[in-house]
Amino acid sequence: MNSVPVLTVKPWRALFDEKFHVVVGNLPPTQEVTLHSLHQSEDTDYWEAFGHYVSDAQGRVTVAKHESFGGTYEGVDPMGLLASMRPIPGSRTGLRFRIKEVHTPMVVHISVYRGHLSQGFREQLALASVVTERWCMAPGVRRVDITEGGVTGTLFLPPGPGPFPGVLDMWGGGGGLVEYRSALLASHGFAAMALMYLFPDAQKAATIGFHYIENAFRLLQDHPLVASDKIALLGTSFGASVALSLAVFSETVKPICCVCISGSHVLTLKANQSIAESFKVMKEHVHKSRMDENNCIIWRDTLLPIPEDSDLKVDVGRITCPLLLVVGQDDTNWAAVESADDMTQMMERAGNSHLLTTLSYPGAGHLIEPPYGPHCRACTFVLQPGQQRVVVLWGGLTKPHAVAQEDSWEKILDFLQEHLCHSVKPHVQSRL
Amino acid sequence: MTEKAATPMLLLHPSRGLIDEKFCLIVQNLSQIQDITLHALIHSDDGDYWEAFGHYVSDATGLVNVANDSSLGGTYDGVEPMGLLWSMRPVPGSRIGLRLRKKEVHTPMVVHISVYRGHMSQGFREQVALASVVTERWYMAPGVRRVDITEGGVTGTLFLPPGPGPFPALLDLWGGGGGLVEYRSALLSSHGFVCLALEYMTPRTSGGSTSHVGNEYFEAAFTVLKQHPQVCGDRIAILGLSFGTSVALGMAVYSTVIQPRCLVCVSGSHVQPVKGSLSDVFSEINKNVRNTRYDEENRVIWRDLLLPIPTDPNKKVDVGQLKCPVLMIVGEDDQNWPATESAEDMKQMMEKAGNSHLLTTLSYPGAGHLIEPPYSPHIRASNFMVAGTKQKLVVLWGGETAPHGHAQEDSWKKILSFLEEHLYRSTDVTSPSNL
């Protein structure tokens, strides 16, 4: 009787942004096998990825060292089984992978099959199959609902006595309350508050504006476990515009540093302005929307051309804190690259460009998120307010987008640690 | 301009590990050459607190790395990456005779790791730590399934790895403490084995009287494994600790039903009446009860009850007839069973019989009787209830903390390697161990 194949994934239970190591042993030498991953999302859709391998002379496949010859990813790609996941054939269209429930892990089944398969995984018996968990919250991280002072959000606190540096975390035009990034930030030692600032109710939305964001910042500062002089702003897409606006226009709120992902300074949120008013600019330019060949909406032109008049954009020449910009060069949703270029020029003219760092990723799209989640090039989007569903093209190709997510997240964490914790870069990566 | 102080940070990876996995622990952003204490705390399911601590000094960059740096004192010293776990002991003021054993295997052991300013040895509760993290230590990998077994008169718990199988299997036998102890089986299943933790020494399994469990009971348990659809019937091993070793050796030699692929025998002996049932073994031991000794704290030393090793072949398992590889693990400071003497005698018997190539003995100086999966606290003595009479004693198991901790780590690694070699890889049933 032949040896029994063994499949291991280390660690079995990891944080969502941690690498894992997948190894198959006890195969016959030079055996063709397929490594397959499967996940059933909270919405009950199935996502999968697979890679075609050949075992070495010792009968092993080590994903970190051996190349995938095809599948949903190729080459030597230790995280390809997660980062290249896509909905299985026959799924609903326009799906986007989103984590809503942060207390329980993402459960992924990893299997190894004989031969090079590209379909029919359900009908085949695997040689071996294991389960791995991907967690958003490290043990000891605490989740707190925030409803005071009129602010709606969720605060994640690391374990320990504190006080902790804080991050105000703002997502984009999709609205709602996206918690998982803040949960991960808390797992890295930050008191992170995911802020809800786009409300479906138009009446409420009219009352939410610049002061609401300032209140949220102050609420975070005043928390007994937060170091009030160590708070950063983190914004994605429209959230990045909000972050820039606050950093420049606020008289009272002073972030220590600012991270802006896939955003633009062209959309401004001025003091005494509501979010709805800020969005009016977008509506005025909506005729510039284009459709691709699949009828997916391309919105990048709505902010172009970048205006010359600095009153029509956030004057980043006045920013006084370090600023990290993260942009995808294939962003089909916002003109993030052009905005970053313009911001660089404004800051060079003003003499504060030493505060600016720009990370620009070829082949990456708009949705640059913490690493190892599946990439979405186009998916359903719900417009706020009004709840209209459209399909939006976000851009990016799977592999370069995954590279961008992995690299940018590491650099975002380093940036936050450098400015908020005054950390020396650790000798051993905790995010191995 | 004053420089802002960096926030001390504790980095621990992985934050969720299996109970036998190492972790990396780093403290950064300390001042240079700063005295600190690393402290670990567990609040057990039984409500007791266990702790360990080590005294460190940060380097010129304000860093302490437990993998490379030396603990200067505490519950462990020297370069000990896992010392914060294996040197744990009940906090001052705890009940005596405690043993840290997890009964609920679905949930992890939760450990709080903190860093304190200065070199502290007490008063951790009253101090505010510089930083604190939490790590979970799991017995069950994701996907491992737990099944109650009550068929064929057998009482136990079966653990199955995830996946279609079939898998090699293990019959997991604990010792004279009795009851149904699941955590080692859960852990072995996380390493890819179907594992049956067998209850065999309590009234429930023997019709009211403890020791009348017959050999048929163990044969039935082995058969449960052999017939299981997810088990490779010809790749079953037996792992026994203490009394469990007696069962394993006896069955392997004399049973026609039980044909293990290999045996792992921890802290046990081949000395028992030949072809006797469990009750016969007990009677034989009881004959020597006058050999019981006590240490200076009145704790019971039972190692002499089986000494001297008999020369009469009817009084010990004829290990010369063993046909499968055997891994014997003994602690040289075992105060409960004469494991070292038994291993020596077994070796001589097997050399005479010509099958000693099947025997590998791992002998650990300074290790006691309770050689368990690694990173669990060393227990030199604990409360023990004698099955049957229900008499409560404090039994001396032996061992010193550091050598015992190392013995657990080294032996477990070798046990897993031995099982992988003989159950997962080898196709030749009689090949010797490659350790």
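This passage describes helix packing, backbone geometry, cysteines and selected residue contacts in a predicted model.

Two helix pairs of chain A were examined. The first comprises H2, residues 180-187, and H8, residues 398-421. Their axes lie 12 Å apart. The packing angle is about 55°. H2(A) and H8(A) are therefore oblique to each other, because this class takes the angles left over by the parallel, antiparallel and perpendicular ranges. The crossing of H2(A) past H8(A) is right-handed. On the H2(A) side, the contact is formed by Arg181(A), Leu184(A) and Leu185(A). Trp409(A), Leu413(A) and Leu416(A) supply the H8(A) side. By residue class, this contact of H2(A) with H8(A) has five nonpolar members, one charged member and no polar member.

The second pair comprises H4, residues 210-222, and H5, residues 238-249, both in chain A. Here the axes come within 11 Å. They cross at roughly 80°. H4(A) and H5(A) are therefore roughly perpendicular to each other, since that class covers 65 to 115 degrees. H4(A) contributes Phe210(A), Ile213(A), Glu214(A) and Phe217(A) to the contact. Opposite them, H5(A) presents Val242(A), Ser245(A), Leu246(A) and Phe249(A). The contact of H4(A) with H5(A) counts six nonpolar residues, one polar residue and one charged residue.

Backbone geometry was considered next. Most peptide bonds are trans, and most residues other than glycine have a negative phi. Exceptions to both trends occur in the model. In chain A, the bond from Lys10(A) to Pro11(A) is cis. Its omega is near -5°. Pro11(A) sits in the loop that links strand S1 (6-10) to strand S2 (13-15) of chain A. In chain B, a cis bond joins His13(B) to Pro14(B). Omega there is about -5°. Pro14(B) belongs to the loop between strand S1 (9-13) and strand S2 (16-18) of chain B.

Positive phi values were found at non-glycine positions. Tyr372(A) has a phi of about 85°. This tyrosine lies in the chain A loop between strand S19 (356-361) and strand S20 (378-383). Tyr372(A) counts as buried because its relative accessibility is 7%, under the 20% limit. In chain B, Asn29(B) has a positive phi near 70°. Asn29(B) occupies the loop between strand S3 (24-28) and strand S4 (35-43) of chain B. With a relative accessible area of 9%, Asn29(B) is buried.

Cysteine pairing was also checked. A disulfide is a covalent bond between the sulfur atoms of two cysteines. Over all chains, the structure holds zero disulfides. Cys257(A) is in no disulfide. The nearest cysteine sulfur to Cys257(A) is that of Cys321(A), 6.7 Å away. The cut-off for a disulfide is a sulfur pair within 2.5 Å. Cys258(A) is likewise in no disulfide. For Cys258(A), the nearest cysteine sulfur belongs to Cys260(A), at 4.2 Å. Cys257(A) is buried, with 0% relative accessible area. Cys258(A) is buried as well, at 0%.

Two individual residues complete the description. Phe381(A) is placed in strand S20 of chain A. Its relative accessible area is 11%, so Phe381(A) is buried. Leaving aside residues up to four places away in sequence, Phe381(A) touches Gly173(A), Gly174(A), Trp299(A), Gln388(A), Arg389(A), Val390(A), Val392(A) and Trp394(A). Phe381(A) and Gly235(A) are separated by 146 residues in sequence. Their C-alpha atoms are 18 Å apart.

Asn314(B) lies in the chain B loop between strand S17 (300-301) and strand S18 (326-331). Asn314(B) counts as exposed because its relative accessibility is 54%, over the 50% limit. With residues up to four places away in sequence not counted, Asn314(B) touches Gln272(B), Pro273(B) and Val274(B). Asn314(B) and Val274(B) are 40 residues apart in sequence. In space, the C-alpha to C-alpha distance between Asn314(B) and Val274(B) is 5.2 Å.

Technical notes
Residues numbered from 1 in each chain as written. Chains lettered and ligands numbered in written order. Predicted model: local features only at pLDDT ≥ 70, side-chain atom pairs only at ≥ 80, totals over all residues. Heavy atoms only, no water. Buried < 20%, exposed > 50% of the residue type's maximum accessible area, 1.4 Å probe, protein only. Axes fitted to C-alpha atoms, helices over the stretch in contact; angles between N-to-C directions. Helix = DSSP H or I, 4+ residues; strand = E, 2+ residues; numbered from the N terminus. Parallel < 35°, antiparallel > 145°, perpendicular 65-115°, else oblique. Left-handed = near helix turned anticlockwise from the far one by under 90°. Contact = heavy atoms within 4.5 Å. Nonpolar A, V, L, I, M, F, W, Y, C, P; charged D, E, K, R; others polar.
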